[in-house]
Amino acid sequence: MTDTEPNNQVTVAVELERLRGTLEAGFARTDGSLALLVQRSDQTDRQLADHEARLDSLERSRWPLANIAALTATCGLAVAAWELAVR
């Protein structure tokens with residue numbers, strides 16, 4: 001063994017510890033970013049479900065309008081035809 005080998009082992013150990021710290025910090029940032037993305041995804045899912053419910057509500061309340069418009073047009077046509085027939 002030479003005198004440089006123990007120093008190399010110490011240097012390698014120090015560098016490995018620095019690398020470990022860098023990796024831990026990187027993983028912590030990645031975990032934080034993923035948690036934020038999951039939170040935003042959950043918010044988007046809730047917003048989408050809310051919009052879907054509101055759209056369903058609007059569609060349910062709107063369907064009679066077409067029937068009422070058709071009935072009104074038919075009644076108007078019948079009244080117009082009756083007035084022409086009476087004259």
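The exercises below work through the fold, surface and salt bridges of a predicted model.

**Exercise 1. Decide whether the protein is spread out or a compact globule.**

Solution.
- Step 1: take the secondary structure. The protein has 1 helix and 0 strands.
- Step 2: compare the radius of gyration with the globule rule. The radius of gyration is 37 Å, while the rule gives 12 Å for 87 residues, so the protein is more spread out than a compact globule.
- Step 3: look at the principal axes. The C-alpha trace spans about 125 × 15 × 10 Å along them.
- Step 4: check a pair of residues. Ser 41 and Arg 54 are separated by 13 residues in sequence, and their C-alpha atoms are 20 Å apart in space. Ser 41 has its place in helix H1 and is partly exposed, with a relative accessibility of 35%.

**Exercise 2. State what share of the residues is buried, and describe the exposed area.**

Solution.
- Step 1: apply the cut-off. A residue is buried when its relative accessible area is under 20%. Of the 87 residues, 1% count as buried.
- Step 2: take the total area. The protein exposes about 8,000 Å², of which carbon and sulfur atoms supply 63%.
- Step 3: place the charges. There are 9 positive and 13 negative charges, and the mean positions of the two sets lie 13 Å apart.

**Exercise 3. Identify which residues form the nonpolar surface patch, and classify Leu 23 as buried, partly exposed or exposed.**

Solution.
- Step 1: list the members. The patch consists of Val 12, Leu 16, Leu 19, Leu 23 and Phe 27.
- Step 2: give the area. Together these residues have about 510 Å² of accessible area.
- Step 3: locate Leu 23. Leu 23 belongs to helix H1, which covers residues 4-86.
- Step 4: classify Leu 23. Its relative accessible area is 46%; partly exposed is the class between under 20% and over 50%, so Leu 23 is partly exposed.

**Exercise 4. Find how many salt bridges there are, and describe the one between Glu 15 and Arg 18.**

Solution.
- Step 1: recall the principle. Side chains of opposite charge can pair when their charged atoms come close.
- Step 2: set the cut-off. A side-chain nitrogen of Lys or Arg has to be within 4 Å of a carboxyl oxygen of Asp or Glu. The count by this rule is 3 salt bridges.
- Step 3: test Glu 15 and Arg 18. Their closest N and O atoms are 3.0 Å apart, and the two residues form a salt bridge.
- Step 4: place the pair in the helix. Both residues lie in helix H1, 3 residues apart, which is about one turn.
- Step 5: classify both. Glu 15 is partly exposed at 41% relative accessibility, whereas Arg 18 is exposed at 53%.

**Exercise 5. Show which residues are linked in a network of salt bridges.**

Solution.
- Step 1: take Arg 20 with Glu 17. Their side chains meet in a salt bridge at 3.5 Å, N to O. The two residues are 3 residues apart in helix H1, so about one helical turn separates them.
- Step 2: take Arg 20 with Glu 24. This salt bridge has its closest N and O atoms 3.3 Å apart. Here the spacing in helix H1 is 4 residues, again about one helical turn.
- Step 3: join the pairs. Arg 20 takes part in a bridge with Glu 17 and in one with Glu 24; Glu 17, Arg 20 and Glu 24 are therefore linked in a network.
- Step 4: classify the members. Arg 20 is partly exposed at 47%, Glu 17 is partly exposed at 46%, and Glu 24 is partly exposed at 45%.

Terms used. Residues numbered from 1 in each chain as written. Predicted model: local features only at pLDDT ≥ 70, side-chain atom pairs only at ≥ 80, totals over all residues. Heavy atoms only, no water. Rg over C-alpha atoms; globule rule 2.2 N^0.38 Å. Buried < 20%, exposed > 50% of the residue type's maximum accessible area, 1.4 Å probe, protein only. Areas by Shrake-Rupley, 256 points an atom, 1.4 Å probe, with all protein chains shown as cover. Lys, Arg positive; Asp, Glu negative; His and termini not counted. Charge placed at Lys NZ, Arg CZ, Asp CG, Glu CD. Patch = residues over 30% accessible without salt bridge, like charges linked within 9 Å, V, L, I, M, F, W, Y side chains within 5 Å.
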